[in-house]
Amino acid sequence: MNNWLKNLTLKQRLSFPIMTFNLLVLLGFQFISYQSYLTIERENFISRTQILAKGVGSNLSAPILFNDRLAAKEILSALKADERIVKAKLRLPDHSLFAEYENKTLPFSAPDETEQKYALQHGYHIGKDNLYLAVPVTIDGEEIAQIYLAVSLQQLNEMRQTQLEISLLLIVILVFSSFCFINQIQRWVITPITELNKGIQRLIQGDTHQPIPYNQFSNAELYQLTLGFNNLVTTIQQRDKELRAAMQKLALEKSFADEVVETVQHALVVVDKSGMITLTNHACQSMFELSSFQLFSKLLIDILRPSERDAFERILENALVNNKEIKQLTIESRAHSKEVRTFQLVSRPLCHQQQTLFAIEDVTER
């Protein structure tokens, strides 16, 4: 996959996302529009049929009460006003057939038991070829019969087919227009950039910078790009010289600072918030009889080994966590050959580094 992407030309890399994006946008838009349109049409389709069936059902109350099957059949025949209705059956609560209407010009597929139950529970069920509706006939809120309708979905399927054809036509138009657009981009952008890239490659292979000619580009933006590149190379070369001079000066200053720190007779220790040693000077080796490598990542309190450990731990935590300075704190320690020594500590918080500097002096003899 990665090799395939690397081998793509600039035109292909530019064309692929444009085509993909346009196609995905169109497909998403068409899918949403298609689903919304069909949902609205289906709901309208069901609603109109239900309204017609309820209107017919309101006139069937009297024939059912008087057991007039002929009148009920004539009333059901009013459903022929909707040419989509294939069949209508009026059934009594005992499921016996009371009257029936059928349009024999339309195909009819009888619903199975599952489809009938779904239609009774939800009022309708959409099958493959027919819409099945169950509309109750009521008197004063009491159901006295049910009208079972089968409605042809031919018109709805034709709408669906028309929408699919329109979507395909739009996709073809999109592909053609994207192709034309990409060709124009190649003429306006890709070809000049390719020439600019060749100039940059020639620059990379050479020892010194050769300004890329820009008079061959007529586009104002590409002219500015080429001119800017030439100026950028000149600026980088100048700044590179300044950076090397600054780094040399910084190295000299660091060497001087390290030399000053190493000449300090006090032990200098830098610790982090957890009390772990991160930096020491040479004086620490003679004071604690440990090298800088051995002292690194050790806890300061473990190196000092104060006699009153709990009290010193509270002072140390206050200095590290709350950035409080320690001014000439004197402690007794067994850090040197297990002999009791007296150390004097001074601390300063290094706020920018989130660490603390300790200056430790052995004042045992004094």
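# A guided tour of the predicted model

Start at S333, which is buried, with a relative accessible area of 0%. Here buried means under 20% relative accessible area, exposed over 50%, and partly exposed in between, with a 1.4 Å probe and protein chains only. This is a predicted model, where local features need pLDDT of at least 70, side-chain atom pairs count only at pLDDT 80 or more, and totals for chains, interfaces and linings use all residues. Residues are numbered from 1 along each chain as its sequence is written, and side-chain values use heavy atoms, with hydrogens and water left out.

**Around S333**

Select strand β8, residues 329-336; S333 sits in it. Helices (H or I, at least four residues) and strands (E, at least two) are DSSP runs, numbered from the N terminus. Now show what S333 touches: L304, R305, P306, S307, E339, V340, R341 and F343, leaving out residues up to four places away in sequence. Contact means heavy atoms within 4.5 Å.

**The β9-β10 hairpin**

Move to β9 (residues 339-350) and β10 (residues 355-362). They pair in the antiparallel sense over 8 bridges. Two strands pair if DSSP finds at least two bridges between them. Pick Q344; its bridge partner in β10 is E361. The two strands form a hairpin with 4 residues between them. In that turn, Q354 has a positive phi of about 55°.

**The cores**

Next, select L60, I64, L76, L79, L90, V137 and L149. Of the 27 residues in the largest nonpolar core, these touch the most other members. A nonpolar core is a set of buried Ala, Val, Leu, Ile, Met, Phe, Trp, Tyr and Cys residues joined through side-chain atoms within 4.5 Å. Colour α2 (10-58), α4 (69-76), β1, β2 (97-102), β4, β5 and α6 (154-205): each gives two or more residues to this core. The largest share, 5 residues, comes from β5. A second, separate core has 23 residues, including L320, I326, I331 and F343.

Zoom in on L90. Beyond its neighbours within four places in sequence, L90 is in contact with twelve-odd places worth clicking through, among them L60, I64, A72, L76, F98 and V137.

**The largest pocket**

Where does the lining come closest to the centre of the pocket? First, its volume: about 340 Å³. The residues closest to the centre are K89, R91, P111, Q116 and Y148, out of 17 that line the largest pocket. On a 1 Å grid over the protein atoms alone, a pocket is an open set of points where a 1.4 Å probe fits, with protein on both sides within 12 Å along at least five of seven lines; lining residues have an atom within 4 Å of a point. Volume is the space filled by probe spheres set on the points, which are joined across faces, edges and corners.

Show β1 (85-91), α5 (113-122), β4 (130-139) and β5 (142-152), which each give two or more residues to this lining. The largest share, 5 residues, comes from α5. Colour the lining by type: 10 nonpolar, 2 polar and 5 charged. Ala, Val, Leu, Ile, Met, Phe, Trp, Tyr, Cys and Pro count as nonpolar, Asp, Glu, Lys and Arg as charged, and the others, Gly among them, as polar.

**Loop stops**

Go to N67, in the loop between α3 (61-65) and α4. Its phi is near 55°, a positive value in a residue other than glycine. Then select S297, in the loop between α9 and α10 (300-304). S297 also is not a glycine, yet has a positive phi of about 70°. S297 is partly exposed, with a relative accessible area of 35%.

**Zoom out**

The protein chain has 11 helices and 10 strands. Buried residues make up 31% of its 366 residues.
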